[in-house]
Amino acid sequence: MTGSHFPDLPVRRSFARTLADHGFSLRRARTEILQLNLGKLCNLTCVHCHVNAGPKRKEIITRETIDRILTWLADTEIHTVDLTGGAPEMIPDFRYLLEGLRRIPQIETVIDRCNLTILLEPGHEDTAEFLAAHRIKIVASMPCYEPANVNAQRGEGVFDGSIAGLQLLNRLGYGRRDDLILDLVYNPNGGFLPPDQAELEAEYKRELKEHFDIDFHQLFTITNMPIARFSSWLKRSGKLEDYMETLLEAFNPSSVEGLMCRNTLSIGWEGEVFDCDFNQQLGMQWKNGNPLFLWDIDPGQVVNRPIAVGDHCFGCTAGHGSSCGGALA
Ligand code: SF4
Ligand code: SF4
């Protein structure tokens, strides 16, 4: 189950070889989290986007697929469902899905990965209230506390929209109450590794409080993955080789144990199964002769299954390590 689906990543030693040299064989543990990518529709078109999402994309989950996923989840011990996209809130059946998830007793945590600006778009003005009423945890992208960096990466005006979105969430109690969790995500504005997560979190808290009276719980630092739109940007800027060398040089063996592909199952908008959202964007769908969908999988039988790796995986193991929950090591 090894082999890169991204053969033009310039690395002098493959990820699979690097793992083997360190004595690792990457296999799945018990599945605790289902990360569901609802599709590629988004109100933004960020430079670092690994999904190539945007306002014109048509790929979105249907109600029929949602029903199949809810039925499958009800018979599992999975305690966390993590919704991503695209902008999950733009999916027509987003609220139907959240209500269905909230009816499954063993699911303790439902996460909405939110770009903040969507909360202010016409037609979405009451989305934040809906999220609060259903105690949905929000993980929001906020690549910097300064306008220039955010606008360069995400588009003109996105910084102001993000600040307004955070202030709206704070007014509802998000980031200020223990039952309304608001975490932020930082990713570098270019081809370099994130700084120390705890130090950056302290800086974010100080700056956002002082200038905008914003509160949040935790900051997650995430490394930019060398795939999709970010990889194209690196290539166009002549920086892809240097970036891959940076990732490879910074390989950190202590990040391997906590890699998110070990306890998270990634599901596409049509129900396809992958080891992670990055593998999903590279089309590395699970197969058993035929392509596998969630309803083909027995959650108890995926433990110890080999994880499909490629050279993009160096993005998860560099420096402090990187996952949807931030640094690993
Ligand atoms: S990074 Fe997030 S907010 Fe930006 S285009 Fe991609 S899905 Fe949309
Ligand atoms: S990209 Fe990261 S999370 Fe995905 S399979 Fe590779 S190491 Fe695991």
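**Strand β1 and residue Ser-231**

Gln-35 stands opposite Asp-82 in strand β2. The path of the chain from β1 to β2 leads through helix α2, residues 63–74, and this β-α-β crossover is right-handed. The model is predicted. This briefing covers β1 with its pairing partners, then the surroundings of Ser-231 in helix α8.

**Strand β1 and its partners**

- Strand β1 spans residues 33–37 and is mostly covered, with 4 of its 5 residues buried.
- Strand β2, residues 80–84, runs parallel to β1, and 5 bridges join the two.
- Strand β7, residues 264–267, also pairs with β1 in the parallel sense, over 4 bridges.
- In β7, the residue that stands opposite Gln-35 is Ser-266.
- Gln-35 thus has Asp-82 of β2 opposite it and Ser-266 of β7 opposite it.

**Ser-231: place and burial**

- Ser-231 lies in helix α8, which covers residues 228–236.
- Within 10 Å of Ser-231 there are 20 other C-beta atoms; because the cut-off for a buried residue is 20 or more, Ser-231 counts as buried.

**Ser-231: neighbours**

- Leaving aside residues up to four places away in sequence, Ser-231 touches Pro-226 and Leu-240.
- His-50 is 181 residues from Ser-231 in sequence, yet their C-alpha atoms are 8.4 Å apart in space.

Conventions
Residues numbered from 1 in each chain as written. Chains lettered and ligands numbered in written order. Predicted model: local features only at pLDDT ≥ 70, side-chain atom pairs only at ≥ 80, totals over all residues. Buried ≥ 20, exposed ≤ 12 C-beta atoms within 10 Å, placed from the backbone. Contact = placed C-beta atoms within 7 Å. Pairing = 2+ DSSP bridges. Right-handed = clockwise from strand over helix to strand, strands pointing away.
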